[in-house]
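I opened my notebook and pulled up the model. These are my entries, in the order I looked things up.

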Amino acid sequence: MDMPDIRVEKGHAEPEEVAALTAILLARAAARPAETAPAHRGRPRAGWRRLERENGFRAPHSWH
């Protein structure tokens with residue numbers, strides 16, 4: 001184990017500071033829910049109709 005898991009890129013961190021940062025990162029990783037909900041909840045069906053499944057001519061004044 002010569003290579004540390006966390007490395008300070010700039011400056012100098014005391015061992016207590018590295019330990020505190022590690023504890024925070026581990027706590028956040030453990031608090032994350034196992035499965036996240038999808039960001040976009042779309043419609044259950046398409047918003048358009050397939051022309052081959054239409055019932056034929058529809059009057060221009062109909063709202064259906």
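**Entry 1: the helix.** I noted at the start that this is a predicted model. I began with L21, and I found L21 in helix α1, which covers residues 15–31. I then asked how many helices and strands the protein chain has. I got one helix and zero strands.

**Entry 2: L21 and its patch.** Is L21 buried or exposed, or in between? I read a relative accessible area of 43% for L21. Partly exposed runs between 20% and 50%, so L21 is partly exposed. Next I looked for nonpolar side chains on the surface. I found L21 in a nonpolar patch there with I6 and L25. Together, I6, L21 and L25 have about 250 Å² of accessible area.

**Entry 3: the whole chain.** I wanted to know what share of the protein chain counts as buried. The chain has 64 residues, and 0% of them count as buried. I also looked up the exposed area of the chain, which is about 7,200 Å². I wrote down that carbon and sulfur atoms supply 57% of that area.

**Entry 4: before the helix.** I moved to A13, which lies in the segment before α1. I found a relative accessibility of 24% for A13. Buried means under 20%, so A13 is not buried but partly exposed. Which residues does A13 touch, leaving aside its neighbours within four places in sequence? I found A13 in contact with V8 and V18.

**Entry 5: a charged pair.** I looked for salt bridges last. The count comes to one. I saw that the side chains of E9 and R7 form a salt bridge, at 2.5 Å from N to O. The cut-off is 4 Å, so the pair E9 and R7 qualifies. I added a general remark: side chains of opposite charge can pair when their charged atoms come close.

**Entry 6: the two partners.** Are E9 and R7 buried or exposed? I read 64% relative accessible area for E9 and 60% for R7. Exposed means over 50%, so E9 counts as exposed, and R7 counts as exposed too.

Note on methods:
Residues are numbered from 1 along each chain as its sequence is written. This is a predicted model: local features need pLDDT of at least 70, side-chain atom pairs count only at pLDDT 80 or more; totals for chains, interfaces and linings use all residues. Side-chain values use heavy atoms; hydrogens and water are left out. Buried means under 20% relative accessible area, exposed over 50%, partly exposed in between (1.4 Å probe, protein chains only). Patches are made of residues with over 30% relative accessible area and no salt bridge: like charges are joined within 9 Å, nonpolar side chains (Val, Leu, Ile, Met, Phe, Trp, Tyr) within 5 Å. Accessible areas come from the Shrake-Rupley method with a 1.4 Å probe; for residues, only the protein chains shown count as cover. Helices (H or I, at least four residues) and strands (E, at least two) are DSSP runs, numbered from the N terminus. Contact means heavy atoms within 4.5 Å.
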